[in-house]
Amino acid sequence: MTISDINVDEALERVRQQLKEDHTVSPSLRAAIDVLMLLVKLMADRLATSSRNSSKPPSQDPNRQRRSRAKGERRPGGQPGHEGKTLAPVTDPDEIVSLRVDRRTLPKGRTYRSVGIETRQVQDIVIQAVVTEYRAEVLEDDLGRRHVAPFPDGVTRPIQYGPRLKAHVVYLSQYQLLPYARIQALLASQCDLSLSTGTLFAFNQEAYQRAEAFAEWAIPALRQAATVHADETGMQVGGKRYWLHSASNDALTYLAPHAKRGQEAMDAIGILPYVQGVLVHDHWKPYYRYADCRHALCNAHHLRELTAAWENDHQKWAKALHDLLLEMHQAVDAAGGTLSPEEAQRWRVRYRQCLTEGETECPPPIPPPPGKRGRAKRTKARNLLERLQAYEDDVLRFLDDPAAPFTNNQGERDLRMTKVQQKISGCFRSWEGAEIFCRMRSFLSTAVKQGLAAHTALEQLFAGEVPEFMRRDGLDQAA
């Protein structure tokens, strides 16, 4: 490991050799030096950790360089071969303005006749509040009894907010992650509407209640899915640590908050214990307590760990296996998503050869002498090597199982906007707010995956309509 042109490993090894040869050093001083060298090693490892070789996000990389495109490298806009898309006129414009020629500006002494029109269109938007007043006729019979024409469904008060406004507020709050204060300012400046924070929160509460049918539909759909990505991340609720759990695939998303991180939470949510397809995760041990499914491990994590073993510990086998996994991924993509058993077996042989080389280069630690308690300490590289050996089937499941992807990136993407929300707001003020966010984010993420715009999905929700993707038979969208 090299930091500021200093090879930390070589420097520490020189100190160890000097201590080994110098018999004049007292035991207490030797112990103190050992502790200091351990601290130096730990700090050096932390400095050498980045988004390339760990799960740290790029934003936390030390001295992160911002790449700037060299001038003249590529011209702005679409590149050669890019299929462009131009603004096209519409056939049924909302408004038509006829323009007449001012004949007073034409040369005199000639006759003119109309031979057609030339059109130009301007596409624009109008943002304004629209107030609809319903006037129901009231009849009174000869006995004095009143008969009032029925109002449309949902119109129950003398004055109320409409479903499109509610959908727009929930869209800004739960999908675009705008704080309530910014939503209030936006509606006041654009629509001259003054909505209180309590009203905005009430809209989110109503959306949460209306989306209960989605939650009841999504859980069995994911249980039957061929592939389920699982992940979890920390979240702050009222200043306390909680956990947000995710179960998803390329068609469905389900997020749920819980006070616990492990199996107790997963069992309570009620999806992972019933999965019988492929469960994709990052090798967190509680996931392995579910035995009715096939497990697939995230190779993006393995690639980062192999990079760390190569860059920090100079493990050549790790570099070879890193490159081999990428070759496997390319071969699977080129084959259309799965390899034949014979071809998959050839890749497995090469995989085992890399790990065999690792046994020589990174041997197990020497067992402690008889009578000494505890286990011999293993390096991170050794732990990685043993894990890749023990879980070969789950690491390489993507080779011949079409339901097993190469990474768990789908699950991490479905959690990403939660981290964005936490950066914006810091934390959820209440448990109810966390539950609202998780259900609405699940609903909107699923709608977008199904090809339904988020705003349209919310308008259907407030109109009492069931989205078309929830009415499909066989839950084929969860496959």
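Biologist: Two strands count as paired if DSSP finds at least two bridges between them. In this predicted model, over how many bridges do S8 and S9 pair?

Modeller: The model is a predicted one, and S8 and S9 run in the parallel sense where they pair. Within this pairing, Leu279 stands opposite His295 in S9. The number of bridges between S8 and S9 is four.

Biologist: Which residue in S8 is the bridge partner of His229?

Modeller: Strand S5 (residues 227-237) and strand S8 (residues 278-281) pair in the parallel sense, over three bridges. In one of the pairs between them, Thr227 has Val278 in S8 as its bridge partner. For His229, the partner in S8 is Val280.

Biologist: In what order do the five strands of the open sheet lie?

Modeller: The pairing in this sheet is mixed, and neighbouring strands are turned by 25° against each other on average, direction ignored. Strand S7 (253-258) and strand S9 (294-297) each pair on one side only, and are the edge strands. The order of the open sheet is S7-S6-S5-S8-S9.

Biologist: Are the residues on the two faces of S8 buried or exposed?

Modeller: Residues count as buried under 20% relative accessible area. Val278 and Val280 lie on one side of S8, with Leu279 and His281 on the other. Both faces are covered, and all four of these residues are buried.

Biologist: At about what angle to S7 does helix H6 run?

Modeller: Helix H6 comprises residues 212-223. This helix lies across S5, strand S6 (240-248) and S7. Relative to S7, H6 runs at about 105°.

Biologist: Are H9 and H10 roughly parallel or roughly antiparallel to each other?

Modeller: Two packed helices are described by the angle between their axes and the distance between the axes. For helix H9 (residues 316-334) and helix H10 (residues 341-361), the axes come within 9 Å and cross at roughly 170°. Angles over 145 degrees count as roughly antiparallel. H9 and H10 are therefore roughly antiparallel.

Biologist: How many residues of the contact of H9 with H10 are charged?

Modeller: Residues of H9 in this contact include Lys316, Trp317 and Glu327, and those of H10 include Trp347, Arg350 and Glu361. The residues of the contact divide into 10 nonpolar and one polar. The charged residues number five.

Biologist: How many disulfides does a search of the whole structure find?

Modeller: A disulfide requires a pair of cysteine sulfur atoms within 2.5 Å. Among the cysteines, Cys362 is buried at a relative accessible area of 6%, while Cys427 counts as partly exposed at 25%. The number of disulfides found in the whole structure is zero.

Terms used: Residues numbered from 1 in each chain as written. Predicted model: local features only at pLDDT ≥ 70, side-chain atom pairs only at ≥ 80, totals over all residues. Heavy atoms only, no water. Axes fitted to C-alpha atoms, helices over the stretch in contact; angles between N-to-C directions. Parallel < 35°, antiparallel > 145°, perpendicular 65-115°, else oblique. Contact = heavy atoms within 4.5 Å. Nonpolar A, V, L, I, M, F, W, Y, C, P; charged D, E, K, R; others polar. Buried < 20%, exposed > 50% of the residue type's maximum accessible area, 1.4 Å probe, protein only.
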